[in-house]
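Please open the model in your viewer and keep the selection panel at hand, since each stop below begins with something to select and then describes what is there.

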Amino acid sequence: MKSFVNTEYINELFEILEEGKIEFVLLRNIDEELPDKLSVNKDIDIIVHPKDIEKLISTLTINQWNLRKHPWDFGDNFTFLYSMEPFLFFEKNQLHLDVCFQMACRSLNKGEWFPLDEIIQESIWIHKTTVDKPWLYVLSNEDYLIHLITRSIFDKKEFTQGYINEIEKLLPIIEMTKLLEKLEVVFFKFSTILIKMIAQKEYHKIRADYIKYSNY
């Protein structure tokens, strides 16, 4: 039988972050696992503003959270470029918290991590949205879609059904002009092709077509 994290632990985590005056947003909630369907084998992913790194560590430590070696901390999986802040990983009560400080993706070279353009980093905090949920803050629709797309192409190397479901919920309510402005700092001239392929549900072709695209 699948074991789930106690919802009270999840609620408590976000209360601690808010009371500690840590600026954060929930990075994703695929398949609506939060707050009551999060497996003990999975983690919560958040972005914390880089100015609050020390405050985050202090606040969680005081509340008996343990800072652990990140599960990806081996070989090229934990190489960070352009002075990017490495991820942090905390544990308490079977709950795992994976923290990043920039929206990032992996290079197509050796899988090194690098931050997305500064326009996107600034947008995270300017346009974050308040929600009536225990996690309080989420990415704007455009920033969330950017995250889902870049993670699928660069990190996961495929569009899984959970990510596709999230993307297709966002498409009807997205501001396409704003989305394209941000996509273009990542995918350049491939951006319009990318959006067309998503609209036509050609998810299985996107990564390969992007890699071989050369008309920049």
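The tour below goes through enclosed and open spaces, then salt bridges, then a helix and some backbone details of this predicted model.

**The enclosed space**

Begin by selecting Leu27, Arg28, Phe87, Cys100 and Trp113, which lie nearest the centre of the largest cavity among the 17 residues that line it. Its volume is about 170 Å³, and a count of cavities of 30 Å³ or more comes to 1. To see which elements give two or more residues to this lining, colour strand E2 (43–48), strand E5 (95–100) and helix H4 (141–156). By class, the lining of the largest cavity is made of 10 nonpolar, 2 polar and 5 charged residues.

**The open spaces**

Next, select Asn29, Trp135, Val138, Tyr144 and Glu166, the closest to the centre of the largest pocket out of the 19 residues that line it. The volume of the largest pocket is about 490 Å³. Helices H4 and H5 each supply at least two residues of its lining, and H5 gives the most, with 3 residues. Sorted by class, the lining of the largest pocket holds 10 nonpolar, 4 polar and 5 charged residues.

Then move to the second largest pocket, whose volume is about 320 Å³, by selecting Arg28, Ile30, Glu33, Lys42 and Asp45, which lie nearest its centre among 17 lining residues. The elements that give two or more residues to the lining of this second pocket are E2, H4 and H5, with E2 giving the most at 3 residues. Its lining has 5 nonpolar, 4 polar and 8 charged residues. Keep Arg28 highlighted for a moment, since Arg28 is named among the residues nearest the centre of the largest cavity and also among those nearest the centre of the second largest pocket.

**Salt bridges**

How many salt bridges does a search of the whole structure find? The search finds 15, and three of them are worth selecting in turn.

For one of these, display lysine 128 and glutamate 23, whose side chains meet in a salt bridge at 3.7 Å, N to O. Lysine 128 lies in the loop between helix H3 (118–126) and strand E8 (129–130), and glutamate 23 in the loop between helix H1 (7–19) and strand E1 (24–26), so the pair ties together parts that are 105 residues apart in sequence. Lysine 128 has a relative accessibility of 26% and therefore counts as partly exposed.

Now select lysine 51 and aspartate 52, whose side chains form a salt bridge with an N to O distance of 3.1 Å. Is each partner buried or exposed? Lysine 51 is exposed, with a relative accessible area of 53%, whereas aspartate 52 is buried, with a relative accessible area of 3%.

Continue to glutamate 166 and lysine 169, where the side chains meet in a salt bridge at 2.9 Å, N to O. Because they are 3 residues apart in helix H5 (residues 161–170), glutamate 166 and lysine 169 are separated by about one helical turn. Glutamate 166, at 7% relative accessibility, counts as buried, while lysine 169 is partly exposed, with a relative accessible area of 45%. To finish this part, select Glu23, Lys51, Asp52, Lys55 and Lys128 together, as salt bridges that share partners join these residues into one network.

**Helix H4 and the residue after it**

Select H4 as a whole and show its axis; the helix bends by about 25° at threonine 150. This helix is mostly covered, with 14 of its 16 residues buried. Step past its end to lysine 157, which follows H4 and has a positive phi near 65°.

**Backbone details in loops**

Go next to leucine 34 and proline 35, where the peptide bond from the leucine to the proline is cis, with omega near 5°; proline 35 is placed in the loop between E1 and E2.

Select serine 83 in the loop between strand E3 (66–68) and strand E4 (88–92). Its phi is near 60°, a positive value in a residue other than glycine, and at 75% relative accessibility serine 83 counts as exposed.

The last stop is leucine 136, placed in the loop between E8 and strand E9 (137–138). Although leucine 136 is not a glycine, its phi is positive at about 70°, and with 23% relative accessibility this residue counts as partly exposed.

Technical notes: Residues are numbered from 1 along each chain as its sequence is written. This is a predicted model: local features need pLDDT of at least 70, side-chain atom pairs count only at pLDDT 80 or more; totals for chains, interfaces and linings use all residues. Side-chain values use heavy atoms; hydrogens and water are left out. On a 1 Å grid over the protein atoms alone, a cavity is a set of points where a 1.4 Å probe fits but cannot get out, and a pocket is an open set with protein on both sides within 12 Å along at least five of seven lines; lining residues have an atom within 4 Å of a point. Grid points are joined across faces, edges and corners, and a volume is the space filled by probe spheres set on the points. Helices (H or I, at least four residues) and strands (E, at least two) are DSSP runs, numbered from the N terminus. Ala, Val, Leu, Ile, Met, Phe, Trp, Tyr, Cys and Pro count as nonpolar, Asp, Glu, Lys and Arg as charged, and the others, Gly among them, as polar. A salt bridge is a side-chain nitrogen of Lys or Arg within 4 Å of a carboxyl oxygen of Asp or Glu. Buried means under 20% relative accessible area, exposed over 50%, partly exposed in between (1.4 Å probe, protein chains only). The bend at a residue is the angle between axes fitted to the seven residues ending there and the seven starting there.
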